[in-house]
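This report is for a reader who has not met the structure before. Please look over the sequence and the model first, then read on.

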Amino acid sequence: MELDLQKYSVRTDLAIEAKELAGKGREQSIPGVWEQVENEDDIRITRLDVENEEGASQIGRVVGHYVTLEVPKLREGDTPLQDQVSMVLAREMEQFMTKIGIGPKGKVLVVGLGNWNVTPDSLGPLVVENLMITRQYFELVPDQISPGYREVSAIAPGVLGITGIESSEIVQSIVERTRPDLVIAIDALASRSLERINTTIQIADIGIHPGSGIGNKRKGITKDIMGIPCIAIGVPTVCYASTIVNDSIELMKSHFGANTKRAILGMLDEISEQERLMLVKEVLQPLGHDLIVTPKEVDKFIEDISNIIATGLNAALHEAVDPGNVAAYTH
């Protein structure tokens, strides 16, 4: 009997990692996928376009535009670097909004997805806390608003387990009532790389599926569902234990393989990555659940990265906010 190994595939929410996995062992580029990489000091910027359904099927991602900011030194708590990341994020967000036709007066609804009671999942609500919200002023005192500000509202809808209502249904109701021109959804993601945890920001114009970071595929916040453009901002805050163990086996094989008898490690060459993951998950899933790992310093990391995103969004959404002094506008 042939085993179905699909359920044991490496799980990641990052398009850049999906592309890396799909391109493993290839000498040529992936058809239907365009990639551009540039470095700006300590920030690595990867722009990825999944151009058609062929490219989408190759890497398992929806057709769309993805931008990934990788900043390994964010772990060091360098404030000038954090400010620089906010400025780059603001610039990239402005480009996204221009591309989809959202002008300086376009109304924006920001959705902070996640559970504020669980630190690795509290990114969205924390970002919302630090945003410059202006819709109430446009509603109550429109004549007193200075030039350079747009109408921005925000909601942290909680999670299904707390509210009993799908986040998508809550957001859809708000969209129908308040009629924004754009939804920006913020959520925690899962990565296959420990190095990218809390140091990577992904922006995508395809929307988002709440709970995707832990494998829950539910009704999403997308243009098809909301009827307006949806931009997703995500940060990987967790990694699956099975992925860590699998990578450890790979590292051990490459490091010791040349000096170890085949009887011990040589057979690993004959086992595919999916088969290794299957073996690892059989150990880590005695009750049918995988283990999700996050750094012990996650409280500090989440606070820093949420401030970076909120600061960048404030600068991107309001022309009156000076991009060179964006940090002064967060709480």
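## Helix α11

In this predicted model, helix α11 is mostly covered, with 16 of its 20 residues buried. The helix takes in residues 298-317. From its first C-alpha to its last it reaches 28 Å, close to the 28 Å expected at 1.5 Å a residue.

## Nonpolar cores

The largest nonpolar core has 39 residues. Those with the most contacts inside this core are M93, I184, I201, I233, I309 and L313. Apart from it lies another core, of 13 residues, which includes L109, L113, A185 and I228.

Leaving aside residues up to four places away in sequence, L313 touches M93, V127, L131, I184, I186 and I233. As a general point, nonpolar side chains tend to be buried together in soluble globular proteins.

## Strand β3 and its partners

Strand β3 spans residues 64-70, and 7 of its 7 residues are buried. In a regular strand the side chains alternate between the two faces of the sheet. Both faces of β3 are covered. On one side the buried residues are G64, Y66, T68 and E70, and on the other they are H65, V67 and L69.

Two strands pair with β3. Strand β2, residues 43-50, pairs with β3 in the antiparallel sense over 7 bridges, and R47 stands opposite V67 in β3. Strand β7, residues 200-204, also runs antiparallel to β3 and is joined to it by 5 bridges. Here E70 stands opposite T200 in β7.

## Two buried threonines

T46 lies in strand β2. Its relative accessible area is 1%, which is under the 20% cut-off, so T46 counts as buried. Not counting residues up to four places away in sequence, T46 touches I16, E35, Q36, V37, Y66, V67, T68 and E70.

T68 is placed in strand β3. With a relative accessible area of 2%, T68 also falls under 20% and is therefore buried. With residues up to four places away in sequence again left out, the contacts of T68 are I16, R44, I45, T46, T200, I201 and Q202. I16 is thus a contact of T46 and a contact of T68. T200, which T68 touches, is the residue of β7 that stands opposite E70. I201, another contact of T68, is among the residues with the most contacts inside the largest nonpolar core.

Key
Residues are numbered from 1 along each chain as its sequence is written. This is a predicted model: local features need pLDDT of at least 70, side-chain atom pairs count only at pLDDT 80 or more; totals for chains, interfaces and linings use all residues. Side-chain values use heavy atoms; hydrogens and water are left out. Buried means under 20% relative accessible area, exposed over 50%, partly exposed in between (1.4 Å probe, protein chains only). Helices (H or I, at least four residues) and strands (E, at least two) are DSSP runs, numbered from the N terminus. Two strands pair if DSSP finds at least two bridges between them. A nonpolar core is a set of buried Ala, Val, Leu, Ile, Met, Phe, Trp, Tyr and Cys residues joined through side-chain atoms within 4.5 Å. Contact means heavy atoms within 4.5 Å. The expected span of a helix is 1.5 Å times one less than its number of residues.
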